[in-house]
Every structure is written in C-alpha cells, then in structure tokens.
Amino acid sequence: MTEHYTTIRQRFDRLAGQYLRNPITHWVGRSELSALREMIPPLKETGKQPVLDFGCGTGRVTAMLLDMGFKVTGYDLSPGMLDRARAELGENPDVVFTSDPKAIQSPWPLIVALGVLDYYEDTTPLWQEWKRLLSPSGTLLVTAPNARSPLAWFYTFLSRFTCQAYVTTPERLMPAAKAYGFTLIRSKTVFPQRQWGHTLVLGFQLNTP
Ligand SMILES: C[S@@+](CC[C@H](N)C(=O)[O-])C[C@H]1O[C@@H](n2cnc3c(N)ncnc32)[C@H](O)[C@@H]1O
C-alpha cells in the first residue's frame with residue numbers, strides 16, 4: 001500500500017464514528033445520490049447484477065444500490081468505515097464488504113465511486129485501478145469536488161481537519177482518464193444544478209481494446 005493510501009486509511013478510520021453524523025455530508029449527499037441514481041444503467045431483467053462500490057465508506061451508496069436491486073461488493077481502504085457499513089447493512093445477503101484488493105479482482109460491468117477522487121491531487125492511481133477492475137465497455141460513475149464552485153476554497157480548507165481534499169474540473173481529470181482508456185459519456189453538476197455547483201457527477205465508459 002502506498003504512503004498516500006495509508007494516510008487516507010488512517011484518516012477515515014479516525015473519522016468513521018462521526019461520518020454518518022456529519023450534517024453537511026448528508027445535505028450535499030442527497031443531491032449527489034440522486035444524480036448518481038439517474039446515471040446508473042437500467043438493470044437487465046435476468047438475475048441480480050454485480051456492482052463494485054469503490055470507496056464505499058459507511059455504505060451510503062451501497063444502501064442505494066441494494067435498494068435498486070444490485071448485488072453489491074463494497075470495497076474500502078478503511079476497516080473502521082467498513083465496520084460501520086457492516087453494522088448497518090451486513091445482514092443483507094446481497095452485499096459483501098471488504099478491504100482486501102485481492103477479493104475484488106473479477107471484471108466489473110459497473111463501478112461507482114462517490115467521494116473518492118476528492119482525496120487525490122494526482123488521480124492517476126485511481127484510473128489505473130479502475131481500468132484494471134472494469135470489464136471491457138464497463139461503466140464507471142464518479143464524483144469530484146468542482147473547482148468552479150464558490151464553496152471550493154471552503155471545502156479544501158475544512159478538509160485539512162479531516163482528510164485533505166483537492167478540487168478539480170472535468171478538463172483537469174480528462175488527460176489521466178483518457179490515458180487509461182476512459183471516455184466521458186455523462187456529466188452533471190449538483191448542489192446546486194449549475195455549472196458552479198459543488199459536485200461534479202461524471203459517467204465514463206471504458207473503451208473496448
Ligand atoms: C468521503 S468517503 C465516501 C464514502 C462513500 N462512498 C459515501 O459516499 O458515503 C471516501 C471513502 O473512500 C475511501 N477510499 C479512498 N481512496 C480509496 C482507494 N484507493 N481504495 C478504496 N477506498 C478508498 C476512504 O477510505 C473513504 O472511506
């Protein structure tokens with residue numbers, strides 16, 4: 001595990017107890033979840049489809065995906081966050097939580113990563129990992145904090161006290177995304193739904209080789 005991953009894991013292990021109680025996370029999260037839900041490709045009629053909730057944290061997105069009828073694997077660096085997720089949702093037979101990268105190797109048709117890009121000034125390791133995990137033509141849905149939001153400086157400043165976050169734009173993300181074979185297929189800005197909204201919600205497709 002890289003030093004940066006270790007820092008993120010330690011920070012979120014420490015935050016796990018308060019994460020769900022943070023009113024801002026809840027408030028902004030409602031808009032993010034609803035935009036994400038709209039971008040999720042409709043389920044095929046046969047069987048439960050698998051989805052990887054990458055950086056699942058305490059299971060906020062996992063709960064939505066379960067509600068939509070998916071079979072979910074929640075993966076996170078932080079065992080502390082996963083303990084909370086298990087306590088909330090662990091009884092459900094359609095969900096597995098893990099912090100073991102070896103347990104998520106199978107190619108995924110759909111990966112969702114809400115609130116993960118935030119913590120990477122250099123996003124390359126994430127694109128690299130998502131390319132490895134997605135199946136050919138798979139869909140990746142992510143969020144990132146918008147550098148064009150008037151809240152950007154406030155968000156980055158406050159994050160020093162939790163886990164340092166970095167704001168971005170689709171233009172800044174695209175070179176690394178493209179280098180790993182991703183094409184941007186959907187883009188929305190929420191909180192509010194304006195170009196300067198706080199969160200970018202982005203849908204990517206992995207180009208078939
Ligand atoms: C802000 S929380 C978001 C949690 C959840 N997705 C949600 O929306 O409530 C970010 C989570 O991403 C996890 N994370 C960050 N980088 C990761 C990586 N490379 N692999 C797995 N988990 C990661 C952190 O440990 C943390 O739990």
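**A cis peptide, a mixed sheet and a ligand shell**

P192 lies in the loop that connects strand 6 to strand 7 (199-206). The model is predicted. The peptide bond leading from F191 into P192 is cis, with omega near -10 degrees. F191 is placed in the loop between strand 6 and strand 7 as well. Its phi is near 65 degrees, a positive value in a residue other than glycine. Most residues other than glycine have a negative phi, and most peptide bonds are trans. F191 has 20 C-beta neighbours inside 10 Å and therefore counts as buried, since the cut-off for burial is 20 or more.

A positive phi is also found in strand 5. S137 has a phi of about 65 degrees although it is not a glycine. Its place is in strand 5 (residues 134-145). Only the burial class remains to be given. For S137, 10 other C-beta atoms lie within 10 Å, so this residue is exposed; the exposed class covers counts of 12 or fewer.

Seven strands build an open sheet. Their order is 3-2-1-4-5-7-6, and the pairing is mixed. Strand 3 and strand 6 (182-190) are the edge strands, each pairing on one side only. From one strand to the next, the twist averages 15 degrees.

At the strand 3 edge, the partner is strand 2 (residues 71-75). The two strands run parallel and are joined by four bridges. V72 has V95 of strand 3 as its bridge partner. T73 is bridged to V96 in strand 3. Strand 3 (residues 95-98) has two unlike faces: V95 and F97 form the covered face, whereas V96 and T98 form the uncovered one. The bridge partner of V72 thus belongs to the covered face, and that of T73 to the uncovered face.

The helices come next. The axes of helix 1 and helix 4 (residues 79-89) come within 7 Å and cross at roughly 30 degrees. Angles under 35 degrees count as roughly parallel, and helix 1 and helix 4 are therefore roughly parallel to each other. On the helix 1 side, the contact is made by F12, D13, A16 and Y19. On the helix 4 side, P79, G80, M81, D83 and R84 take part. Five residues of this contact are nonpolar, one is polar and three are charged.

Helix 1 also takes part in the ligand site. The shell around the ligand holds 19 residues, of which G55, G57, R60, S78 and G115 come nearest. Helix 1 (3-19) and helix 3 (60-67) each supply at least two residues of the shell. The largest share, four residues, comes from helix 1. By class, the shell divides into twelve nonpolar, four polar and three charged residues.

W130 lies in helix 5 (residues 124-133). It has 24 C-beta neighbours inside 10 Å and so counts as buried. Leaving aside residues up to four places away in sequence, W130 touches I111 and L140. W130 and L43 are 87 residues apart in sequence. In space, their C-alpha atoms are 21 Å apart.

Notes:
Residues numbered from 1 in each chain as written. Predicted model: local features only at pLDDT ≥ 70, side-chain atom pairs only at ≥ 80, totals over all residues. Near = placed C-beta within 6 Å. Nonpolar A, V, L, I, M, F, W, Y, C, P; charged D, E, K, R; others polar. Axes fitted to C-alpha atoms, helices over the stretch in contact; angles between N-to-C directions. Parallel < 35°, antiparallel > 145°, perpendicular 65-115°, else oblique. Contact = placed C-beta atoms within 7 Å. Pairing = 2+ DSSP bridges.
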